[in-house]
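Here is my note on the chain you sent round. Please read it beside the coordinates.

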Amino acid sequence: MDDASVPPVAPSMGVRGVGGVPDPGGGGRWILHVDMDAFFASVEVLDHPELAGKAVIVGGTGARGVVAACTYEARRFGVHSAMPSALARRLCPQAIFLEGRFRRYVEVSSQLHAILERFTPLVEGISLDEAFLDVTGSVGLLGPAPTVAIRIRRQVSESLGLDCSVGVGRTKLVAKLASKAAKPSADRTGVRPGPGVVVVPSDREAAFLGPLPVRALWGVGPATAKRLDDLGVATVGELAALPRELLVRRLGRAHGSRLAELARGEDDRPVVPAHDPKSVGHEETFPVDLVDGAALRRHLARLADASASQLRRVRLGARTVTVKVRFSDFSTITRSQTVALPLDSFRPVDALAAALLASVDCSRGVRLLGVSLSGLGPVLSGTQLAFPLDADAGVGGGAPPRDDGVSGDGGPPGGSGPAGDSERLQAAWAEVTATIDGIRERYGRDAVGNLSLLTPEGLQGKARGEAQWGPSRDDDRAGRERPRGVPRG
Ligand SMILES: [Mg+2]
């Protein structure tokens, strides 16, 4: 390997919690959790060195935006990810706000994953900047797991110019919590580097988990934490001391026994490389609630286009199209329809989505709109249906779709209503879609698209991740589509 001279366990390397024993004990597995530090914000600092040492916040900058990532200098003031951007601005008015460049993060993420896969094929990506690795089988070749962790950290730093934290343990649970313990920390007094790598051998698990708050465990949200608090339980150690039967009685069988296991460090989930996606989709929160049908229809088309092209990238089609609508009062509904043949072209997906949206009364104002595609499977290529093709069929027409997530069978190909139309459109548009993808690959996403995506500024497609943290500015593309009668404020 690149750095065979790295000593197995060197406290000077910032490894903490190692008893000098490179043996997981127990089940004999070695799991690593690798997590980039302040990922999106760190990429911005990497690409713009003048930002180094400053409070940088990446996220939605509009009134409803949320923080996606921030540097530790911003965390000093209490800013954290998922916090409303408006609050972050109040806490840290000197921070530099950036909208984020999702495509750049995806690029760095794929470089990260390529590095990780040099160490083991058992890499399970959790998000762009986070992965589990099972290195049990690599230990003979690469050295003890703590050494592998140090090497990964060094290689990520040298190749990408970015820092990551690595947790090492017998289970996913422990590895994940260990990487968190390896992170830098920040408060009013300053930013302190973390150990970078934290190793928890099996005989140290109880001591490591015990003092952590119960909220550190998977599945403990505010409601469960409150119920545990009622039992006088605040830490994982106190939870582990409770009789399992009591937890089952208070929290239900599944949840109670799961928590009892986690509190004792029992977690047998394997590292599963390369997830098969169950669904793909996009959603968007608007700066102001939309009631205008044409504006909603246009956003729906963008979301349908983005979702369908995402599907084609993984060479799958979807049988179920779901439209999600969240209203101004946060109540949320979904409408789904399932068809007989998998779809992957914009037109049929859009046609089904439009029919679903048409069945929803949007007059009270729409806060969020989403399209998701599920029931994924291979697209049957060369499907030729002997029907007259009408390019406009299906948009807004046909029979009303089934309600709320319960989908019909869709009927035979070519049947009446949106389902049949969608299948005719899929057959008709397969070739055109391949051409569009080719053009986009060469000239960019907005080089070509459906007419309904056309705006005065040109084609407005939707990139993966765009606006996922809320609208960027209150006067942006979405913002111009204001509800009638609502003055600009
Ligand atoms: Mg991270």
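The points below go from the whole chain to its sheets and helix pairs.

1. Status and overall content. This is a predicted model. The chain has 489 residues, and 43% of them count as buried. It holds 16 helices and 17 strands. Take the contacts between residues at least 6 apart in sequence: 69% of them join residues at least 24 apart.

2. The three-stranded sheet. Its strand order is β4-β3-β5. The sheet is open and its pairing is mixed. At the edges stand β4 (67-70) and β5 (96-98), each paired on one side only. Neighbouring strands are turned by 25° against each other on average, with direction ignored. Strand β3 (residues 56-59) pairs with β5 in the parallel sense, over three bridges. To check the register, look at V56: its bridge partner in β5 is I96.

3. Helix α1, on that sheet and against α4. α1 lies across β3, β4 and β5 and runs at about 120° to β3. Helix α1 (residues 39-47) also packs with helix α4 (residues 102-116), at an angle of about 95° and with the axes 10 Å apart. The angle makes α1 roughly perpendicular to α4, since 65 to 115 degrees counts as such. On the α1 side, the residues are F39, F40 and V43; they meet R104, Y105 and V108 of α4. By class, this contact has five nonpolar residues, one charged and no polar.

4. Helix α4 against α6. How do the axes of α4 and helix α6 (residues 145-160) cross? They come within 10 Å, at roughly 140°. That makes α4 oblique to α6. The crossing is right-handed. From α4, the contact takes V108, Q111, L112, I115 and L116. From α6, it takes I152, Q155, V156, S159 and L160. Seven of the residues in this contact are nonpolar, three are polar and none is charged. Note V108 of α4: it is listed in the contact with α1 and again in the contact with α6.

5. Helices α11 and α12. Helix α11 covers residues 244-251 and helix α12 residues 253-263. Their axes lie 7 Å apart, and the packing angle is about 145°. α11 passes α12 in a right-handed crossing. R244, L247, V248, R250 and L251 supply the α11 side of the contact. R253, H255, G256, S257, L259 and A260 supply the α12 side. The classes here are five nonpolar, three polar and three charged.

6. The four-stranded sheet. Which order do the strands take? The order is β12-β15-β13-β14, in an open sheet with antiparallel pairing. β12 (279-290) and β14 (332-343) each have a single partner strand, so one side of each is left without a neighbour in the sheet. The twist averages 15° from one strand to the next. Strand β13 (residues 317-327) pairs with β14 over eight bridges, in the antiparallel sense. One bridge to look up: R326 has T332 of β14 as its partner.

7. The helix on the four-stranded sheet. Helix α14 (residues 346-358) packs on this sheet. It touches β13, β14 and β15 (366-377). The direction of α14 makes about 35° with that of β13.

How values were computed
Residues are numbered from 1 along each chain as its sequence is written. This is a predicted model: local features need pLDDT of at least 70, side-chain atom pairs count only at pLDDT 80 or more; totals for chains, interfaces and linings use all residues. Axes are lines fitted to C-alpha atoms, for helices over the stretch in contact, and angles run from 0 to 180 degrees between N-to-C directions. Helices (H or I, at least four residues) and strands (E, at least two) are DSSP runs, numbered from the N terminus. A crossing is left-handed if the near helix is turned anticlockwise from the far one by less than a right angle, and right-handed if clockwise. Two residues are in contact if their C-beta atoms, placed from the backbone, lie within 7 Å. Ala, Val, Leu, Ile, Met, Phe, Trp, Tyr, Cys and Pro count as nonpolar, Asp, Glu, Lys and Arg as charged, and the others, Gly among them, as polar. A residue is buried if 20 or more other C-beta atoms lie within 10 Å of its own, exposed if 12 or fewer, and partly exposed in between; C-beta atoms are placed from the backbone. Two strands pair if DSSP finds at least two bridges between them. Angles under 35 degrees count as roughly parallel, over 145 as roughly antiparallel, 65 to 115 as roughly perpendicular and the rest as oblique.
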